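Colleague: I am new to this structure and would like a close look at a single part of it, the surroundings of the ligand. Please take me through it slowly once we have it in front of us.

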Amino acid sequence: MEAARVAALRGHRVTLAEASPSLGGAVLVAAKAPTRATIADFTGWLEQEIYRLGVEVRLSTFVEAEDALAEPWDAVIVATGSVPRMDGWVASNPTEPASGMDRPHVISSHDLLLGARTNLGRTAVVIDDTGHYEALGAVEFLARQGLEVNYVTRFAAITPKVDAPQMVEPALVRLAGANFAAHTRARAISIVRDSVTIGPTYLPASTNLTRKLPAETVVFVSLNRSNRELFDELQGKVGELRIVGDANAARHLPTAVREGHLAGAAI
Ligand SMILES: Cc1cc2nc3c(=O)[nH]c(=O)nc-3n(C[C@H](O)[C@H](O)[C@H](O)COP(=O)(O)OP(=O)(O)OC[C@H]3O[C@@H](n4cnc5c(N)ncnc54)[C@H](O)[C@@H]3O)c2cc1C
């Protein structure tokens with residue numbers, strides 16, 4: 001949206017295709033976490049600007065390479081985002097991904113916040129490989145529904161990447177009194193029907209120093225996989241081709257907006 005906005009401001013005739021019925025991408029998911037609705041104010045503003053500037057918006061339009069090649073675009077900017085990786089891989093123990101990830105009660109934060117699992121049960125484990133707000137949002141979402149929540153992370157602290165912007169302590173205040181516990185420098189070793197076995201990141205999975213946590217729902221918050229197939233297929237086939245945001249490498253909103261802005265300004 002930022003790429004489309006800036007390109008339109010610079011006088012280009014811009015078409016924006018979006019696979020889903022609404023604009024906003026992953027921000028619409030993020031906004032479903034408790035207290036986070038206002039993160040969508042920004043994408044709401046972008047959306048207004050895009051319509052105001054006369055960008056042709058095509059909703060519910062999943063673009064494949066052949067669609068992109070069917071019209072004579074001077075430039076194509078790919079901003080297809082990223083998808084959760086549900087393979088149990090965490091950066092601290094890359095050779096020992098958690099087993100049991102294929103069980104139906106193991107879901108992504110996207111599925112959780114979008115309500116894909118209706119019966120969450122009474123106990124949950126959130127496995128956080130990002131250290132970002134996404135995991136804290138998942139914890140709070142579950143705790144607000146009365147679940148006992150265990151947060152497991154490879155990091156030395158709870159979601160350390162949002163500590164500096166003062167997001168952790170207020171969340172902990174809101175969680176005070178909830179049935180919530182945090183396990184740091186820890187990772188999931190195995191997931192079965194109703195529990196997750198965790199162990200320290202600094203010991204092999206074969207250690208006896210494990211702990212079993214009750215879990216009728218397991219939320220895996222992964223370092224996402226970039227959605228870059230469209231970009232790869234279009235390489236060498238269109239005049240000017242750019243990739244921005246999570247499609248380029250899964251990161252966060254400010255980076256996606258910055259890359260979109262630069263791409264819109266460069267064409
Ligand atoms: C639960 C959650 C919480 C988050 N919290 C934060 C936070 O607190 N702070 C922060 O900075 N970031 C946060 N993020 C990350 C942030 O939302 C993303 O980094 C950002 O939205 C990336 O923007 P993007 O435009 O690159 O991709 P996306 O927002 O993923 O948008 C990509 C869009 O492309 C569409 N699409 C994909 N393929 C096609 C195709 N072939 N044709 C047409 N359309 C297609 C998708 O439908 C989607 O709408 C969070 C993410 C989640 C899921």
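By class, how many nonpolar, polar and charged residues does the shell around the ligand have?

Modeller: Please keep in mind throughout that this is a predicted model. By class, the shell around the ligand is made up of 14 nonpolar residues, eight polar ones and five charged ones. Of the 27 residues that surround the ligand, the ones that come nearest are Glu18, Ala26, Arg36, Asp246 and Leu253.

For three of these residues, a polar atom can be paired with an oxygen atom of the ligand. Arg36 takes part through its side chain, a polar atom of which lies 2.7 Å from an oxygen atom of the ligand. In Ala26 it is a polar backbone atom that is 2.9 Å from an oxygen atom of the ligand, and in Leu253 a backbone N or O atom likewise lies 2.9 Å from a ligand oxygen. Taken alone, the ligand would expose 1,000 Å², and the protein buries 86% of that area. The elements that each give two or more residues to the shell are the helices α2 (26-30), α5 (109-113), α6 (133-144) and α9 (253-266).

To place this part within the whole, the protein chain has nine helices and 14 strands, and its C-alpha trace spans about 60 × 35 × 35 Å along the principal axes. A compact globule of 267 residues would have a radius of gyration near 18 Å, and the 20 Å found for the protein chain agrees with that. Of the 267 residues of the chain, 44% count as buried, while the accessible surface comes to about 13,400 Å², with 51% of it belonging to carbon and sulfur atoms. When contacts in the protein chain between residues at least 6 apart in sequence are taken together, 70% of them join residues at least 24 apart.

One further residue can serve as a landmark as you turn the model. Asp163 is found in the loop between β7 (148-153) and α7 (168-175). Its relative accessible area is 43%, and because partly exposed covers the range between 20% and 50%, Asp163 counts as partly exposed. Between Asp163 and Leu120 there are 28 Å in space, C-alpha to C-alpha, and the two residues are 43 apart in sequence.

Notes:
Residues are numbered from 1 along each chain as its sequence is written. This is a predicted model: local features need pLDDT of at least 70, side-chain atom pairs count only at pLDDT 80 or more; totals for chains, interfaces and linings use all residues. Side-chain values use heavy atoms; hydrogens and water are left out. A residue is near a molecule or strand if one of its heavy atoms lies within 4 Å of it. A polar contact is a pair of N or O atoms within 3.5 Å; within protein, one must be able to donate a hydrogen and the other to accept it, and residues adjacent in sequence count only if both atoms are side-chain atoms. Accessible areas come from the Shrake-Rupley method with a 1.4 Å probe; for residues, only the protein chains shown count as cover. Helices (H or I, at least four residues) and strands (E, at least two) are DSSP runs, numbered from the N terminus. Ala, Val, Leu, Ile, Met, Phe, Trp, Tyr, Cys and Pro count as nonpolar, Asp, Glu, Lys and Arg as charged, and the others, Gly among them, as polar. The radius of gyration is taken over C-alpha atoms; the globule rule is 2.2 Å times the number of residues to the power 0.38. Buried means under 20% relative accessible area, exposed over 50%, partly exposed in between (1.4 Å probe, protein chains only). Contact means heavy atoms within 4.5 Å.
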